[in-house]
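Work through the exercises below with the sequence and the 3D view open. Try each task before reading its solution.

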Protein chains: 2
Amino acid sequence: MQYLKIMESINEQIEAGLLAPGSKFPAERKLAETFNTSRVTLREALSLLESDGKIFREDRRGWFVSPTALAYDPTNTDNFKTMAIKAKREPRSELLNAELLPCPRDAAKLLGVEAFTQVYKLERLRFLDNRPVAVTINYVIAEYFPELQEKDFIASLTHTYKEDYDILYSQTRYHIRTSSLQGEIAQALRATSGSPAMLVERVNHDQNGRLIDCDLEYWRHDAINIQSVATLIKE
Amino acid sequence: MQYLKIMESINEQIEAGLLAPGSKFPAERKLAETFNTSRVTLREALSLLESDGKIFREDRRGWFVSPTALAYDPTNTDNFKTMAIKAKREPRSELLNAELLPCPRDAAKLLGVEAFTQVYKLERLRFLDNRPVAVTINYVIAEYFPELQEKDFIASLTHTYKEDYDILYSQTRYHIRTSSLQGEIAQALRATSGSPAMLVERVNHDQNGRLIDCDLEYWRHDAINIQSVATLIKE
DNA sequence: AAGTGGTCTAGACCACGAC
DNA sequence: TCGTGGTCTAGACCACTTC
């Protein structure tokens with residue numbers, strides 16, 4: 001199995017620090033020549049390193065060494081910016097889309113609301129050190145946040161909730177699963193359609209127990225490292 | 001892009017229920033003929049469905065439709081068996097290996113113990129409805145559990161801890177990240193080397209705050225759906 | 001304009017699983 | 001034993017990125 005040896009060889013170079021995080025690999029044809037193999041076999045090796053989170057691909061741009069994954073605590077209300085800064089990374093966000101619309105089916109299921117309930121949909125692209133790492137989609141129940149459309153959507157939602165509506169998150173229900181990037185989300189992340197991804201879904205309640213919004217977060221799977229601490233109930 | 005159309009086509013068949021969970025696909029050569037494409041392109045489509053968790057592969061055995069993923073709460077002390085039964089699935093466990101040894105490097109890092117600390121290493125293979133879904137490796141600090149080797153390792157560790165040592169889990173720190181299956185772990189799961197996986201690492205403390213053990217759980221990534229509820233601290 | 005990655009073809013051989 | 005999946009080759013064309 002050539003591709004396993006190629007994997008190990010590349011892996012060693014990374015672990016030894018010979019390939020800096022974020023740095024670009026040589027062209028596939030050159031690498032294939034270096035390893036004295038065909039392009040297909042080389043790509044097999046690269047794909048496995050990708051699914052292992054060691055390297056990543058930008059569509060039509062090539063292969064890169066993955067930077068350190070961001071530690072992400074799903075039980076933390078810290079917003080993206082705060083989280084990144086704590087980890088000494090440089091965050092940036094772009095608003096992809098913001099609209100008020102009747103709740104689509106997938107969000108209605110998460111929010112448990114009836115058809116035609118008005119929600120705000122916010123789509124944001126998250127960068128870490130200038131690399132696009134996640135697309136986050138928020139659905140916010142409009143009823144609880146009058147005139148939300150006039151707020152600054154680039155700012156943290158948590159912050160707007162607290163400052164302008166006196167609403168805090170108090171309970172969050174989250175799901176985490178592997179998925180794959182498709183269509184516009186893949187494009188925004190500069191990923192090839194079908195790239196492996198981590199999907200974090202959250203449903204949030206406020207201090208009065210009301211369900212106020214939900215998140216769908218599509219992360220490049222090598223960019224995130226879910227971690228948390230749980231105190232267990234003693235039986 | 002043929003492979004995207006093939007993906008969608010297969011996906012529709014699954015969603016429509018025409019392909020039952022667990023059922024086997026026709027041979028790759030036949031499928032390729034059906035879709036009027038080459039085997040390589042067909043495998044491209046299958047690989048993407050695999051990384052999306054819709055289908056899975058057993059090494060040299062073929063492709064299968066993924067059963068429903070098991071809901072897994074990392075903050076729950078329920079053992080594997082209880083968890084499976086709650087979800088109306090049929091659990092089974094096999095002991096792969098049990099030994100007393102000086103703590104290996106990776107475990108020492110998690111446990112924060114010194115070199116040569118004696119630990120029990122337990123490797124177990126978990127089945128759901130007769131499908132191998134996870135390899136779990138436990139490292140237990142031997143000092144706290146004298147004569148653990150005489151216990152029944154197929155039984156739940158949680159249960160043994162409680163009944164025989166009066167020790168309960170009280171806090172757990174967990175990490176979740178994507179990984180890939182290699183070597184013996186891949187073999188035990190009937191997976192091809194390099195298959196995508198979900199790695200759950202846990203470090204557990206007892207009711208006295210002592211660090212007592214850690215888990216490394218390698219899951220077939222389509223078999224698990226991490227979910228939990230967190231109550232947030234009000235600022 | 002050149003080079004690159006994305007996609008695809010039409011084969012091939014081998015070792016293993018199923019029968 | 002037969003068919004299957006695992007692996008590999010040596011090309012090809014196109015559209016996009018980069019220069």
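**Exercise 1.** Which backbone oxygen does the side chain of S23(A) reach?

*Solution.* The model is predicted, so treat each distance as computed. Start with the location: S23(A) sits in the loop between α1 and α2 (28-34) of chain A. Next, follow its side chain. It reaches the backbone oxygen of A20(A) at 2.6 Å. Then look beyond the sequence neighbours within four places: S23(A) is in contact with W63(A), F64(A) and V65(A). Last, check accessibility. The value for S23(A) is 23%, so this residue counts as partly exposed. Buried would require under 20%.

**Exercise 2.** Find the phosphate contacts of DNA strand D, then describe the protein surface near that strand.

*Solution.* Step one is the backbone. A backbone N or O atom of Q2(A) lies 2.3 Å from a phosphate oxygen of strand D. On the other chain, a backbone N or O atom of E28(B) is 2.8 Å from a phosphate oxygen of the strand. Step two is a side chain: an N or O atom of the T37(A) side chain lies 2.9 Å from a phosphate oxygen of DNA strand D. Step three is the elements. Those giving two or more residues to this surface are α1 (2-15) and α3 (39-51) of chain A, plus α2 (28-34) and α3 (39-51) of chain B. α3(A) gives the most, with 3 residues.

Step four is the whole surface. In total, 21 residues surround strand D. By class, 4 are nonpolar, 6 polar and 11 charged. Now turn to the DNA side. Of the strand D atoms within 4 Å of the protein, 67% belong to sugar or phosphate, and the rest to bases.

**Exercise 3.** Which residues of α3(B) are buried, and what covers them?

*Solution.* First, the helix itself. α3(B) has 13 residues and spans 18 Å from first to last C-alpha, close to the 18 Å expected. Its buried residues are L42(B), A45(B), L46(B), L48(B), L49(B), E50(B) and S51(B). Their cover includes β7 (169-180) of chain A. From chain B it includes α1 (2-15), α2, β1 (55-58), β2 (62-65) and β8 (196-206). After the helix comes G53(B), with a positive phi near 80 degrees.

**Exercise 4.** How are chains A and B related?

*Solution.* Superpose chain B on chain A: the rotation is 180 degrees, the shift along its axis 0.0 Å and the RMSD 0.0 Å. The two copies are thus related as by a two-fold rotation axis. Now compare interfaces. 100% of the interface residues of chain B are also interface residues in chain A, so the copies meet through the same surface.

Definitions and conventions
Residues are numbered from 1 along each chain as its sequence is written. Chains are lettered from A and ligands numbered from 1 in the order in which they are written. This is a predicted model: local features need pLDDT of at least 70, side-chain atom pairs count only at pLDDT 80 or more; totals for chains, interfaces and linings use all residues. Side-chain values use heavy atoms; hydrogens and water are left out. A residue is near a molecule or strand if one of its heavy atoms lies within 4 Å of it. A polar contact is a pair of N or O atoms within 3.5 Å; within protein, one must be able to donate a hydrogen and the other to accept it, and residues adjacent in sequence count only if both atoms are side-chain atoms. Helices (H or I, at least four residues) and strands (E, at least two) are DSSP runs, numbered from the N terminus. Ala, Val, Leu, Ile, Met, Phe, Trp, Tyr, Cys and Pro count as nonpolar, Asp, Glu, Lys and Arg as charged, and the others, Gly among them, as polar. The expected span of a helix is 1.5 Å times one less than its number of residues. Buried means under 20% relative accessible area, exposed over 50%, partly exposed in between (1.4 Å probe, protein chains only). Contact means heavy atoms within 4.5 Å. Copies are superposed by least squares on the C-alpha atoms of residues with pLDDT of at least 70 in both.
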